[in-house]
Amino acid sequence: MIEIDGSFGEGGGQILRTALSLSSLFLKPFRIFNIRKGRKKPGLMPQHLTCVRAMQLISGAEVAGDKIGSSVLVFKPKSVKAGEFFFDIGTAGSTSLVLQTIVPSLIFSSEKTSVILVGGTHVPFSPSFDYIAEVFAPVLGKMGIRIELKIESYGFYPRGGGKIRVDIFPAKDIKPLRVTERGAILMIKGYSGTGNLPLSIAERQKSAAIKKIQTEIKALMQPVDIEILNVSSPGQGTFIYLHSETEKAIAGFTSLGERGKKAEAVGEEAAEEFSEYYFTNVAFDRHLPDQIVLYLSMSKEESIFTTSCITQHLMTNLWVIGLFTGFHYSVAGTIGETGVVKIK
């Protein structure tokens with residue numbers, strides 16, 4: 001039984017999600033305590049409980065402590081099965097984070113798995129659907145892991161109700177990534193969208209983002225092509241997603257609207273993230289590393305990449321992975337700054 005202190009490092013839900021993924025993949029039971037101890041609302045929240053329920057169903061696990069607010073969970077998987085699954089978080093909890101919990105355990109299955117998730121698709125403190133579909137999934141593709149995503153409706157905080165479908169296909173071997181230089185910027189595109197709010201808000205987000213990028217990056221030659229979207233949603237919300245493609249890497253930057261936040265601030269926020277990434281001249285944005293290291297830890301060959309920011313989230317995830325596997329890694333750089341990550 002692997003013992004995990006859920007308050008270690010960043011101390012968030014990622015510790016639980018990674019543990020659920022690797023426990024189910026390798027059929028190693030674990031006990032986690034101090035779940036999200038430092039958070040305003042510690043213990044299991046609906047989104048985390050959905051992750052537990054999903055992995056319990058997929059792996060046939062015996063589970064104890066699976067209730068809202070619980071700070072201790074015991075998880076004993078039996079065997080992973082592919083198939084068709086439906087999970088409704090019931091709140092605006094992130095569908096992306098539930099998805100990222102599910103995928104690792106199913107990539108070595110003998111047949112395709114289809115999953116429908118209902119909840120938040122564009123909500124704070126998690127990757128947006130656009131980021132998952134346009135950055136995370138393509139990078140997995142470079143590793144030999146194929147997932148396909150579709151969005152039927154958008155879920156914003158606090159209503160949720162977004163709906164996505166994910167198909168996870170069997171993989172053979174995990175290919176390494178070796179991306180230390182970004183290369184020239186080839187394209188900058190994106191989406192500015194509103195759900196049940198005036199499209200003029202999306203236009204203002206777009207204009208503000210383009211203006212800030214053009215002001216801060218004088219040498220940028222490529223146009224910034226942002227599409228305006230009027231999206232289907234049970235609730236109200238706005239978002240902007242910027243996507244950059246370079247000779248050797250892709251990156252994404254999301255900003256969300258909220259009550260009292262000006263549309264211009266939403267656009268400028270995403271543009272600022274892109275600008276910071278642009279001037280570092282590294283391969284990956286700050287959000288991708290902690291999402292892919294789990295997969296790279298299973299490759300037989302060494303991976304190396306540069307990132308615009310070494311985050312506490314990344315360091316914590318590397319620690320959790322090490323509890324389940326015998327992989328080796330090194331991180332050159334300090335938290336909050338650019339760095340180089342090696343994994344084998």
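Which residue in S13 stands opposite Glu-245? I looked this up in a predicted model. The residue is Ile-250.

**Entry 1: the sheet around that pair.** I traced the strands next. Glu-245 falls in strand S12, residues 237-246. S12 and S13 pair in the antiparallel sense, over seven bridges. They belong to an open sheet of four strands with mixed pairing, in the order S11-S10-S12-S13. I checked the edges. Strand S11 (224-230) and strand S13 (250-256) each have a single partner strand, so one side of each has no neighbour in the sheet. From one strand to the next, the twist averages 15°. Helix H5, residues 199-216, packs on this sheet. I found H5 touching strand S10 (185-195), S11 and S12. The direction of H5 makes about 165° with that of S11.

**Entry 2: another four-strand sheet.** I read its order as S9-S14-S16-S15, open, with mixed pairing. Its edge strands are S9 (178-179) and S15 (329-332). S9 runs parallel to strand S14 (303-307), joined by two bridges. Here Val-179 stands opposite Phe-305. Helix H7 (289-296) packs on the sheet and touches S14 and strand S16 (339-343). I noted about 175° between the directions of H7 and S14. Helix H8 (312-324) also packs on the sheet, touching S15 and S16. Its direction makes about 165° with that of S15.

**Entry 3: the core.** I turned to the largest nonpolar core, which has 100 residues. Phe-30, Ile-102, Met-143, Phe-274 and Tyr-295 touch the most other members. Helix H4 (129-142) gives the most to this core, with eight residues. I listed contacts of Tyr-295, leaving out residues up to four places away in sequence; among them are Val-103, Phe-136, Leu-140, Met-143 and Ile-174.

Key. Residues are numbered from 1 along each chain as its sequence is written. This is a predicted model: local features need pLDDT of at least 70, side-chain atom pairs count only at pLDDT 80 or more; totals for chains, interfaces and linings use all residues. Side-chain values use heavy atoms; hydrogens and water are left out. Two strands pair if DSSP finds at least two bridges between them. Contact means heavy atoms within 4.5 Å. Axes are lines fitted to C-alpha atoms, for helices over the stretch in contact, and angles run from 0 to 180 degrees between N-to-C directions. A nonpolar core is a set of buried Ala, Val, Leu, Ile, Met, Phe, Trp, Tyr and Cys residues joined through side-chain atoms within 4.5 Å. Buried means under 20% relative accessible area, exposed over 50%, partly exposed in between (1.4 Å probe, protein chains only).
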